[in-house]
Amino acid sequence: MFQSRSRLTTKGVNTLPEINILPKEVYQLIAAGEVVERPSSVVKEMIENSVDAGAKSITVEIKNGGSTYIRITDDGCGIAREQIKKVFLPHATSKIKYSDDLNSISTLGFRGEAMASIAAVSKVELLSRTKGEELGTRYEIAGGEEVELADAGCPEGTTIVVRDIFFNTPARMKFLKKDVTEGNAVQGIVDRMAISHPEISFRFIREGKQVLITSGNGNLKSTVYSVFGKEFASTLVDVDYSVNNMRVTGVVTKPHGARKSRAMEFFFINNRLVKCQTAMAALEQAYKNSVMVGKFPGCVLNIECDASFVDVNVHPAKIEVRFANERPVFELVYYGVKSAIETQDTPKEAHFTAPKNPFVTQGGLLDVAQKEEGKPRQMEFRQKPAEDFWQVVSAPAKPKAEEVQAYTASLEETKKISDAIDFNAPAPKLVHEDVAVPETEEKTAPPREEKPEAEIPDFKVVGEAFKTYIIVEIEGALYFIDKHAAHERMNYETLKASSEINSQVLLTPVAVKLSPEEYSVVCDNAELYAKCGFAIEDFGNSTVLVRECPSILGGEDIEDLIVETAGKLLDGKTDITPEQMDWIFHSTSCRAAVKAGDYTSPYERELFVKKLLSMPHIRYCPHGRPVMIKMSRYDIEKQFGRQG
């Protein structure tokens, strides 16, 4: 049995401290600190209660960022009068009853702490009426102490008004940020709850202005449009994928819609907002070779699984979860997202801005000089320079070193999971909801399916611009094809799909001088290079000999390629062989591809375009740059005033 540490009194005498039983008003404030951090946490807890109550419409209103006024109204089942006082008692909940219930939680709330904690640090007014009751009930509580219980006229459902958060704990109040910052945090919670429940109509009123309303029609894309706007919503494709009694649904951005941060990645488990490193890593792995390093996709993904498979009883905020087995979650998200972007992605489109009238005038359409006697009538044309179209299709800036490191670090977090996954394998076939698939602990790679040869649309090669971009007319639109990027991806796909890389023996072996560290890593990975079509042998003195190389290289740039890949192997902090092979395939494909500025004959262009169109899944080079840009006839004609 432990003893308390003695303390020194003012008289210099050691005494044992007295153990105190904390009064209710003190331990309630301590408990409230775990749940009520700021106004947004209050809003989150109360919206979750409204969702659990079966609401189809929820209205949230705040003033002063929520620090002085929060009102949440729902049309849920309401609370019976005899139950209302229990709402504000610690550990009182309608969601669970027995300890076993914690193993399969299907509601958003379950702890029974939120309302007691909120009432302990604020002034709360509750109005509620259940279906069939003639009169509703109004209940007031402030600082954990009951104020009034009375009849009230109110609609079916529940309205809760929270005023003056931390009114009785001013020390906590000083940690609140500016009203604008707190209001933004509240709006973030409402946004996330809205996209996690598109079947519920959300309305958000901020400082007297309505800033959000969703239809509640169950359409996720419509809800995302209302919450995040047209620009983000226009880049989305649907995800709906089931395997191993689990399902992932939602939307993800097309690769060209990738952003510079993870701010638009939203994950839900059974419609509960969570932070999930496993799902995040699986998402970004699915976009590998489709987005630039340092850029991240956006998503709204909901993982549906048996409640017993996930533990949400980890933290009072209920945003952290644990899975019984993380591998099925990784595979579900990875294959679901990869299937979606491979089947639904389309070539990137370039759009002109709407042209302004080129005839800038002082008072009308044309600036007509006053007719002078004996001189013809003249018109002055002042045309504003058009925006640079090629700026629309320029490649993103090269990622910074720290961005690359951050991306690598995010993949390391799930190394143990992804280590056993064959990323080159196609996704398992979709499983309908009514088909039960037994879970297996050991991952079995799905059989490789032969892709049917794509039907090549009618096309006409118009020409080539800057010896770099092949211009093709297809079905009323122009396509600008970056021949280097496209050829690089075609080479990459060929190497990746080959069970055995075609190699050629070099007439003269290439000696590659390396640093001691590079020399060691290349020799250690000779077998890996062999799988990629290189025959490398140790020549001693930090030198290796390359006797064979992939036939697509043509014997060029071998020394630079070995040095480059050696550096990547040396810097790599993962031992996932498919990823290492990707590094070599990337470098090989890039160096074997036709270069920008190289001459290509009309015959070569024709064959090149035909081959590219036979591989419609190729939309990005291995580094994530688009291989082609589409310009519709409508956009072009609009510039000439042929469209209204």
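Here are some numbered notes to help you find your way around this predicted model.

1. **The chain as a whole.** Start with the overall picture before zooming in. The chain has 644 residues, and 44% of them are buried. Its secondary structure comes to 19 helices and 27 strands. About 34700 Å² of the chain is exposed, with carbon and sulfur atoms supplying 51% of that area.

2. **Contacts along the sequence.** Take the contacts in the chain between residues at least 6 apart in sequence: 69% of them join residues at least 24 apart. Keep this in mind when you compare the sequence with the 3D view.

3. **The sheet of 8 strands.** Which strands make up the open sheet with mixed pairing? Reading across, the order is β7-β6-β5-β8-β4-β3-β9-β10. At the edges stand β7 (145–152) and β10 (209–213); each has a single partner strand, so one side of each is left without a neighbour in the sheet. From one strand to the next, the twist averages 10°. As a general reminder, strands of a sheet pair through backbone hydrogen bonds, either parallel or antiparallel.

4. **One pair inside that sheet.** Look next at β5 (residues 123–129) and β8 (residues 157–163). These strands pair in the antiparallel sense, over 7 bridges. To find your place in the pair, use Leu127, which stands opposite Thr159 in β8.

5. **A helix across the strands.** Helix α6 (residues 179–196) lies across β3 (57–63), β9 (201–206) and β10. Its direction is at about 175° to that of β9.

6. **Glu156 in its loop.** Between β7 and β8 there is a loop that holds Glu156. Why does Glu156 count as partly exposed? Its relative accessibility is 37%, and partly exposed covers the values between the 20% limit for buried and the 50% limit for exposed. Leaving aside neighbours within four places in sequence, Glu156 is in contact with Asp74, Asp75, Gly76, Arg129, Thr130, Lys131 and Gly132. Leu127, from the previous strand pair, is 29 residues from Glu156 in sequence, and their C-alpha atoms are 9.6 Å apart in space.

7. **A covered strand, β12.** Is β12 (residues 246–253) mostly covered or mostly exposed? It is mostly covered, since 8 of its 8 residues are buried. Met246, Val248, Gly250 and Val252 point one way from the strand, while Arg247, Thr249, Val251 and Thr253 point the other way. Residues on both of these sides are buried.

8. **The partners of β12.** Strand β11 (residues 236–243) runs antiparallel to β12, and 8 bridges join the two. Within this pairing, Asp240 has Thr249 as its bridge partner in β12. The hairpin of β11 and β12 has 2 residues between the strands, and Asn244 takes a positive phi near 55° there. β12 also pairs with strand β15 (residues 299–304), in the antiparallel sense and over 6 bridges. Here Val252 stands opposite Cys299 in β15.

9. **A sheet of 3 strands.** Another open sheet, with antiparallel pairing, has the order β24-β26-β25. Its edge strands, β24 (503–513) and β25 (535–540), each pair on one side only. The twist of this sheet averages 20° from one strand to the next. Between β25 and β26 (residues 543–550) there are 5 bridges, and the two strands run antiparallel. Ile536 has Val546 as its bridge partner in β26.

10. **Two helices that cross.** How do α9 (residues 277–286) and α10 (residues 326–344) meet? Their axes come within 8 Å and cross at roughly 35°, and the crossing is right-handed. On the α9 side, the residues that meet α10 are Thr278, Ala279, Ala281, Ala282, Leu283, Gln285 and Ala286. The α10 residues they meet are Glu326, Val329, Phe330, Val333, Tyr334, Val337, Lys338 and Ile341. By kind, the residues of this contact divide into 11 nonpolar, 2 polar and 2 charged. A general point helps when you view the pattern: an α-helix has 3.6 residues a turn, so residues three or four places apart point the same way.

11. **How covered α9 is.** In α9, 9 of the 10 residues are buried, so by the 20% limit for buried the helix is mostly covered. Its buried residues include Met280 and Glu284.

Technical notes: Residues are numbered from 1 along each chain as its sequence is written. This is a predicted model: local features need pLDDT of at least 70, side-chain atom pairs count only at pLDDT 80 or more; totals for chains, interfaces and linings use all residues. Side-chain values use heavy atoms; hydrogens and water are left out. Helices (H or I, at least four residues) and strands (E, at least two) are DSSP runs, numbered from the N terminus. Buried means under 20% relative accessible area, exposed over 50%, partly exposed in between (1.4 Å probe, protein chains only). Contact means heavy atoms within 4.5 Å. Accessible areas come from the Shrake-Rupley method with a 1.4 Å probe; for residues, only the protein chains shown count as cover. Axes are lines fitted to C-alpha atoms, for helices over the stretch in contact, and angles run from 0 to 180 degrees between N-to-C directions. A crossing is left-handed if the near helix is turned anticlockwise from the far one by less than a right angle, and right-handed if clockwise. Ala, Val, Leu, Ile, Met, Phe, Trp, Tyr, Cys and Pro count as nonpolar, Asp, Glu, Lys and Arg as charged, and the others, Gly among them, as polar. Two strands pair if DSSP finds at least two bridges between them.
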